[in-house]
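Here is a quick tour of the aromatic rings in this one. Have the structure open as you read.

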Amino acid sequence: MTFPSYFEAFDARQMLEDYPIGDAFVARYTAMSRDELRSLQNQRFLRLMKRGWQIPFYRRLWSAKGIEPGDIRSLEDIVKLPVYDKSDLMKSIAEHPPYGDFAGVGGAERSPVIFHTTSGTTGRPQALLFGPKGREVTNLLVGRMYRWQGLKPEDVVQSVYGHGMINGGHYIREAVTHFTNSIFLSAGTGIETRSANQVALMADFNVSVLVGFIDYIRKLAEVARAEGVLDKINIRMICGHLGTEDRSGVEQAWNGAKAFDWYGVGDTGSIAGEGPERDGLYVWEDAQYLELLDVDTGVPVGRGEVGDMVVTTLFKDDIAPCIRFNTHDITHELTGTNQTGMVFSRIAGFKGRSDNMVKLRGINVFPHAIGALIENRSDLTGEYVCRLTRDPGTMRDDMVVVLESRGNTDAEQLAGVLRRGLGVEVVIKLVGAGETASLTQIDVRQKPIRLIDERKS
């Protein structure tokens, strides 16, 4: 039987021309105008739409809104298309098991398919499928970002992203090994490589860069100190998902390492990341088209206003195209010029999830925001979890914030800090260091649980 192998299924040289990395990336996108960028996006969008009409999921989604192929003639028309989210994908999987009908997988001569799942942070894990081109551009965007932020060939990178069926650790490994010259240690989560062993690896193999979720990276500094090896480890760079948290906390924990923020989701890959000056996250607009839509109305928000991130992945025109996917992660666009001369727009980064927002007494509360409020307190470890409860008599909702304390924490003063920061009163419960781990599952999950809803409907 004749069928294409992985590297026969796409043109790798053309990919590097279309999506440059290193010096070529900086040169192209500091010289390009916004009009030129828009023209490039439009060209890639129209090619993506041709693929979209071949996918049963999109034909059904668009036809239900009365949309026909000729209705979408340019990127300007993208607002005519309905958005979709994870619930639509899970419905597709339920109705067309086991993979759903959104990927365009089929036929004996199809190109190879890479299969992973999400971590299941917001529910049942979702199937993630990639074709060779889509997968390698996904990898490239991360490698490009690391190099622009300052990753060097002499660096040794340790990743604490998870593996197994989860996509994260695998594609970060591919990003570093395919698109950088750094040595890569694929340590994984605490359940894959015990935390004490993780810090021993750092000391033994001269690890200089850490990549992963900030919560666990911060915890590893505590482990390194407890194991007596912190002074033997020389971390100079951290690239994780800072969100609303103050980077200075994790930087201080790792003796002044420079921390960078970035954002992406499993369906799309990397969407945005900080540049070398760390002033906002640059949207990779040659590869991703990002819209910010009002959480309630779905209409575009103005610059500087908070909205849901809705993403169209311009390069995934092989397997599992992504056209107006609502991440339900919120952010806002930054105004003003940037220091690098890059043509791309910038966002503030991940500020919380609109579908994980809690309304307490008329106030919108994002549990993720608590991290920023407690980040630099020496009396706290930085670990917390929120428990949402409901009084059956009054039907009043309350949030109990369980925080780890090293001792001598003034609960009343801390309650005031959270009240002013969140805009609403919450209940404080202090526990000892490490005592939230069973609730947050920080040692076994890529993204720790920060909200447990204990209300009974």
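What follows is a short look at ring pairs, a ring cluster and charges over rings.

## Ring pairs overall

Keep in mind that this is a predicted model. It holds 21 aromatic pairs. Two of them get a closer look here, and both are edge-to-face.

## Phe57 and Phe102

Start with Phe57 and Phe102, whose rings sit 6.3 Å apart centre to centre, with 75° between the planes. Phe57 is part of helix α4 (residues 56-63), while Phe102 belongs to the loop between α5 (86-95) and β1 (114-117), so this pair ties together parts 45 residues apart in sequence.

Buried or exposed? Phe57 has a relative accessible area of 4%, so it is buried, the cut-off being under 20%. Phe102 comes in at 6% and is buried as well.

## Tyr58 and Tyr84

Next along helix α4 is Tyr58, which pairs with Tyr84. Their ring centres are 5.8 Å apart and the planes meet at 80°, so this one counts as edge-to-face, which needs over 60 degrees.

Tyr84 lies in the loop between α4 and α5, 26 residues from Tyr58, and the pair links distant parts of the chain. Both tyrosines are buried.

## One cluster

How do these rings fit together? Phe57, Phe102, Tyr58 and Tyr84 are among the members of one aromatic cluster, which also includes Trp53, Trp62 and Phe325.

## Charges over rings

Two arginines are worth a click too. The charged end of Arg278 sits over the ring of Phe260, 5.7 Å from its centre. Arg450 does likewise with Tyr384, its charged end 4.6 Å from the ring centre.

Definitions and conventions. Residues numbered from 1 in each chain as written. Predicted model: local features only at pLDDT ≥ 70, side-chain atom pairs only at ≥ 80, totals over all residues. Heavy atoms only, no water. Phe/Tyr/Trp six-rings, centres within 6.5 Å; stacked < 30°, edge-to-face > 60°. Helix = DSSP H or I, 4+ residues; strand = E, 2+ residues; numbered from the N terminus. Buried < 20%, exposed > 50% of the residue type's maximum accessible area, 1.4 Å probe, protein only. Lys NZ or Arg CZ within 6 Å of the ring centre and 35° of its normal.
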